[in-house]
Amino acid sequence: MVTWTRRQLYQRIRQRLTAANLEDAAAESGFLLEFLLGKPLPQLLMDGDLPVSEPIVQQAEQLCEKRANRYPLQYLLGTWEFYGLPLQVGEGVLIPRADTETLVEFVLSCRQNAAQTKLLDLCSGSGCIPAAIAAHLPQVTGAAVEREPAAFCYLKQNLQQHAPSIQPIQGDVLDAVFAKDFSSYDVITCNPPYLTEMDMQVLQPEVAFEPETALYGGTDGLDFYRMVTAYWKDALTADGWLVYEIGMGQEQDVAEILRQNGFSEMVQRTDAGGIVRLVAGRRRVAADSPPTVTL
């Protein structure tokens, strides 16, 4: 029986992932070795001549096979970092992405001087947005809404760990009657499904493993923006913010949906790649103004 060392196992993993033409094979190899052996990569390589048990070697082969077939690394690891927080992830929940940190940063900036913040996160998925906001902004309370059972399980786990002041609620954000039970939120955040029908036909292999319900936003990608804006605007305070993550090139359409529903003080923010990733509107409602609904 061949005895593998830690260094040899790392090299084997890296060879397998490189042969599969994975762009970040070196970094992913480190993640997988840390996952398998439960210690930081520098420490593992420093003690690189120590032996590895046969079950670990077999598990490494299985992980490499899955990753070579483009199964998401995040699902293999079971956790992924978002805004400095380790979040539980797995099949059935959208993987948190760095682009979404743009929403967190905006909310932190506009609420940093507030004594307290009542937050509502819609289409919450893993709960990455409310968890990050609550972890970095004092006196945050509120709720996070998710419909899909698999994603809701991860939402509960992550909020319990990082944001116990945020209540996980299972429900459909496209249910206008359900929305009427919510009120007086300072901020509503939402990273809805926004891929178009054309986008869905050209998904990256890894993305195809993620739930379609968290990706597809209708033929033009705007279905959720139309309905969420109409149904949930009255859940805001008179000067509350509705903050959306958007897909590339959707900023004008989403801003127009917000304007038609009585929002003003439009704000856009770009992500690290320079793409407009956030559109937010502030709600100003006069007492004698009837609501405007656009579907």
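## Exercises: contacts, cores and salt bridges

Asp 271 touches Asp 99, Thr 102 and Arg 277, with residues up to four places away in sequence not counted; contact means heavy atoms within 4.5 Å. Before we go on, note that this is a predicted model, where local features need pLDDT of at least 70, side-chain atom pairs count only at pLDDT 80 or more, and totals for chains, interfaces and linings use all residues. Residues are numbered from 1 along each chain as its sequence is written, and side-chain values use heavy atoms, with hydrogens and water left out.

**Exercise 1.** Find the place of Asp 271 and decide whether it is buried or exposed.

*Solution.* Start with the elements: helices (H or I, at least four residues) and strands (E, at least two) are DSSP runs, numbered from the N terminus. Asp 271 sits in the loop between strand S10 (263-270) and S11. Next, recall the cut-offs: buried means under 20% relative accessible area, exposed over 50%, and partly exposed in between (1.4 Å probe, protein chains only). Asp 271 has a relative accessible area of 8%, so it is buried.

**Exercise 2.** Describe the largest nonpolar core.

*Solution.* A nonpolar core is a set of buried Ala, Val, Leu, Ile, Met, Phe, Trp, Tyr and Cys residues joined through side-chain atoms within 4.5 Å. The largest one has 35 residues, and Leu 122 and Trp 232 are among those with the most contacts inside it. Elements giving two or more residues to this core include strand S5 (117-122) and helix H11 (223-232). A second, separate core of 29 residues includes Phe 106 and Trp 241. Now look at Leu 122: leaving aside neighbours within four places in sequence, its contacts include Val 145, Ile 188 and Trp 232.

**Exercise 3.** Which parts of the chain does the salt bridge between Glu 206 and Arg 70 tie together?

*Solution.* A salt bridge is a side-chain nitrogen of Lys or Arg within 4 Å of a carboxyl oxygen of Asp or Glu. The side chains of Glu 206 and Arg 70 meet at 3.7 Å, N to O. Glu 206 lies in the loop between helix H10 (197-200) and H11, and Arg 70 in the loop between H4 and H5, so the pair ties together parts 136 residues apart in sequence. Glu 206 is buried at 19% relative accessible area, whereas Arg 70 is partly exposed at 22%.

**Exercise 4.** What is notable about the phi of Arg 70?

*Solution.* Most residues other than glycine have a negative phi. Arg 70, not a glycine, has a positive phi of about 75 degrees.
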